[in-house]
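Work through the exercises below with the sequence and the coordinates at hand. Each task is followed by a solution in steps.

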Protein chains: 2
Amino acid sequence: MLNELEKIKDSELLNGITVEELSSMLGCLRGVIKKYQKDELVLSEGEKIEKFGLLIEGRLRIVLYDYLGNKTIISEIKPNQIFGEAFAYVDKVSSTNIEAIEDSKILFLDSEKLSTPCNNGCSFHKQLVKNLLYIISNKNVNLTEKIECMSQRTTREKLLIFLNMESIKNNSKEFTISFDRQALADYLGVERSAMSAELSKLRNEGILESEKNKFKLL
Amino acid sequence: MLNELEKIKDSELLNGITVEELSSMLGCLRGVIKKYQKDELVLSEGEKIEKFGLLIEGRLRIVLYDYLGNKTIISEIKPNQIFGEAFAYVDKVSSTNIEAIEDSKILFLDSEKLSTPCNNGCSFHKQLVKNLLYIISNKNVNLTEKIECMSQRTTREKLLIFLNMESIKNNSKEFTISFDRQALADYLGVERSAMSAELSKLRNEGILESEKNKFKLL
DNA sequence: ATAAGTCTGTTGGATTTCCAACATAATAGG
DNA sequence: CCTATTATGTTGGAAATCCAACAGACTTAT
């Protein structure tokens, strides 16, 4: 267990909190570690959430399916990131699915316990809540960014806005994205083949270079 | 001032807090009330935010403009709701604009002060932070809902998903929305005239009835 | 090494949206 | 009450997307 906690000590949720402190809090927060295999469903639409997750290792995707089966990727969860906290705190059932796209290990924490300072002398609660506020706010900003991409009217504009944002996040005109073509199309809400065609155009027009998941804006 | 505070006593931010308690906290939170006229800009893209707002009266819209001038409405702010808190807590400049669409009165509160319990005996801080956690989580869910609408591939599907959500929120097949046609198009990320045409089709096919902003799903 | 499966790019036709222009209805102001 | 303005609906052609199908490159498993 301690070994697992070492892995997540740099997560934003634990900012300002030591592994020892976390370890002593785990009982209080009803911490549980679970494992999931690649392609396994971690959480499905309609489920009630009382614990949110902190990804220790692996990779998850938060996705939506419409009644036609079209898939939309809301976001990706990488190690050290948390998920499910929004639904936990508003006490609504999840409207999204969460899929493991790699073998994954997750620490689940009780959301109610976390936001209610207990009487056991867990003085770290205050810090945890502040961290949580920061993380959720940040997710809010990320969702707004995604909306900015999706609100573009053409596939070309969606691509350009997305790639520009990635470039800014990486502080470089050259960067690698974690989506393959199908996933990128699902994230932007467009058709894969049309997107591929548009990427070709952008390459031909000398606006960018790309090779697999590596892009360079010119 | 006390008169204004009475108006917002039912806001979610002040859940569990009395007007008197709020009044005593105002200095601590550096509360300031400002007025804006219809069509005035409350906050513009790129601005740094240190105080978030609580709308006392009027109506605001959070909007994005792309470089072609296309407008996207992210959400509407009605009295008692807060705005700007996400950017305040992640300490990023705003990527959105906030416009007053009616004459409005806003209470601004210092975000840093709010999330950091002070030593003046303001015991309500804890409650405020918990309320904030709930509100931001809820916004997160709302943004996800908007993404669900926008991720639909056709105008028709976007309309149907949106109207269904509104119907659920109102607990009735019959409901009134706060958007006019242009605003609805801006919210869904589609063209107004095409949307109008699609609405006509839906009416003709007997799927819904509508008259101005009043809709009825059949 | 081979075969099976996956990922990416290409293409053409059907469908849908976008855009601009106009008609009519509803609203606001003098 | 009349006029000016705004909101909504309609239409046709241009543009873009979607869809299905396929080819080639790359990866994985046996």
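The exercises go from the overall chain to the symmetry, then to one strand, one helix and the two DNA strands.

This is a predicted model, in which local features need pLDDT of at least 70, side-chain atom pairs count only at pLDDT 80 or more, and totals for chains, interfaces and linings use all residues. Residues are numbered from 1 along each chain as its sequence is written, chains are lettered from A and ligands numbered from 1 in the order in which they are written, and side-chain values use heavy atoms, with hydrogens and water left out.

**Exercise 1. Describe the overall make-up of chain A.**

Step 1. Count the elements: chain A has 8 helices and 11 strands. Helices (H or I, at least four residues) and strands (E, at least two) are DSSP runs, numbered from the N terminus.

Step 2. Take the extent: the C-alpha trace of chain A spans about 65 × 40 × 30 Å along its principal axes.

Step 3. Assess burial: 52% of the 218 residues of chain A count as buried. Buried means under 20% relative accessible area, exposed over 50%, and partly exposed in between (1.4 Å probe, protein chains only).

Step 4. Look at sequence separation: of the contacts (heavy atoms within 4.5 Å) in chain A between residues at least 6 apart in sequence, 72% join residues at least 24 apart.

**Exercise 2. Determine how chain A is related to chain B.**

Step 1. Superpose the copies by least squares on the C-alpha atoms of residues with pLDDT of at least 70 in both. A turn of 180° with a shift of 0.0 Å along the axis lays chain A on chain B with an RMSD of 0.0 Å.

Step 2. Name the operation: this is the relation of a two-fold axis.

Step 3. Locate the axis: in chain A, the C-alpha nearest to the axis belongs to A:N140, at 2.9 Å.

Step 4. Compare the contact surfaces: 100% of the contact residues of chain A recur in chain B, and the same surface serves both copies.

**Exercise 3. Place strand β7 of chain B among its neighbours.**

Step 1. Check both faces of β7(B), residues 97-100: B:N97 and B:E99 on one side, and B:I98 and B:A100 on the other, are all buried.

Step 2. Find the partners, given that two strands pair if DSSP finds at least two bridges between them. Strand β2 of chain B (residues 41-43) pairs with β7(B) in the antiparallel sense over 2 bridges. Strand β4 of chain B (residues 60-65) also runs antiparallel to β7(B), joined by 4 bridges.

Step 3. Read off the register: B:E99 in β7(B) stands opposite B:L41, and B:I98 stands opposite B:I62.

**Exercise 4. Is helix α7 of chain B mostly buried or exposed, and what surrounds its buried residues?**

Step 1. Of the 8 residues of α7(B) (181-188), 6 are buried, so the helix is mostly covered.

Step 2. List them: B:A183, B:L184, B:A185, B:D186, B:Y187 and B:L188.

Step 3. Identify the packing: these buried residues pack against β4, β5 (71-77), α5 (125-150), α6 and α8 of chain B.

Step 4. Inspect the ends. At the start of α7(B), a side-chain oxygen of B:D180 reaches to within 3.3 Å of the backbone nitrogen of B:Q182. After the helix comes B:G189, with a positive phi near 75°.

**Exercise 5. Characterise the protein surface near each DNA strand.**

A residue is near a strand if one of its heavy atoms lies within 4 Å of it.

Step 1. For DNA strand C, 16 residues surround it, the closest being A:R181, A:S200, B:T155, B:E191 and B:K212. α8(A) gives the most to this surface, with 5 residues.

Step 2. Locate close atom pairs at DNA strand C. A phosphate oxygen lies 3.1 Å from a polar side-chain atom of A:S196, and a base nitrogen is 3.4 Å from an N or O atom in the side chain of B:S193.

Step 3. For DNA strand D, A:T155, A:E191, B:R181, B:S196 and B:S200 come nearest among the 16 residues around it. α8(B) gives the most here, with 5 residues.

Step 4. Locate close atom pairs at DNA strand D. A base nitrogen is 3.3 Å from an N or O atom in the side chain of A:S193, and a phosphate oxygen is 3.4 Å from a polar side-chain atom of B:R203.

Key. Polar contact = N/O pair within 3.5 Å; in protein donor to acceptor, adjacent residues only side chain to side chain.
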